[in-house]
Amino acid sequence: MYESIVKIDLHGKNAYQARVALEAALRRARGGTYRIRCIHGCHGGTALRDMIRTEYARHPRILRLETSADGGTTDLVLREL
């Protein structure tokens, strides 16, 4: 089976647009997808990162969230490899 990380670039989106993009990615994610990498950046503010942490930390399809060391991406872990 093909294992994949789906990447979504959220730069330039507001919280509503980012939420729509994330929900679509979650709907499209199949068995081969084990994480969704949200590229939101951190130099222009943390609104998107904070929205992801708040709204997706307890989502039923997400096991956990992982933030990169630089704070610019957040991974939504759907299952363990």
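Salt bridges and the surroundings of D75

A salt bridge joins the side chains of E55 and R19, with an N to O distance of 2.6 Å. This pair connects distant parts of the chain, since E55 lies in helix α2 (residues 47-56) and R19 in helix α1 (residues 15-28), 36 residues apart. E55 has a relative accessibility of 38% and counts as partly exposed. R19 is likewise classed as partly exposed, its relative accessible area being 26%. The model is a predicted one, and the distances and accessibilities reported here are computed from it. In total, seven salt bridges are counted.

A further salt bridge is formed by the side chains of E66 and R35, at 2.9 Å from N to O. Here too the pair links distant parts of the chain: E66 belongs to strand β3 (residues 64-67) and R35 to strand β2 (residues 33-39), with their positions 31 residues apart in the numbering. The two partners fall into separate accessibility classes under the 20% limit for buried residues. E66, with a relative accessible area of 29%, is partly exposed, whereas R35, at 13% relative accessibility, is buried.

The salt bridge between D50 and R49 has its closest N and O atoms 3.7 Å apart. This separation is within the 4 Å limit, and the pair therefore counts as a salt bridge. It is not within the 3.5 Å limit applied to polar contacts. D50 is partly exposed, with 33% relative accessible area.

Salt bridges with shared partners join R35, R37, R64, E66, D75 and E80 into one network. The pair of E66 and R35 described above contributes two of the members named in this network.

Within the network, D75 is placed in strand β4 (residues 73-77). Its relative accessibility is 6%; D75 is therefore counted as buried, the class being defined as under 20%. The side chain of D75 makes a polar contact of 2.8 Å with the side chain of R35. A polar contact of 2.8 Å also joins the side chains of D75 and R37. When neighbours within four places in sequence are left aside, the residues in contact with D75 are R35, I36, R37, R64, L65 and E66. Among these, R35, R37, R64 and E66 are also members of the salt-bridge network. R35 thus appears both in the salt bridge with E66 and in a polar contact with D75, and R35, like D75, is buried.

Methods:
Residues are numbered from 1 along each chain as its sequence is written. This is a predicted model: local features need pLDDT of at least 70, side-chain atom pairs count only at pLDDT 80 or more; totals for chains, interfaces and linings use all residues. Side-chain values use heavy atoms; hydrogens and water are left out. Helices (H or I, at least four residues) and strands (E, at least two) are DSSP runs, numbered from the N terminus. Buried means under 20% relative accessible area, exposed over 50%, partly exposed in between (1.4 Å probe, protein chains only). A polar contact is a pair of N or O atoms within 3.5 Å; within protein, one must be able to donate a hydrogen and the other to accept it, and residues adjacent in sequence count only if both atoms are side-chain atoms. Contact means heavy atoms within 4.5 Å.
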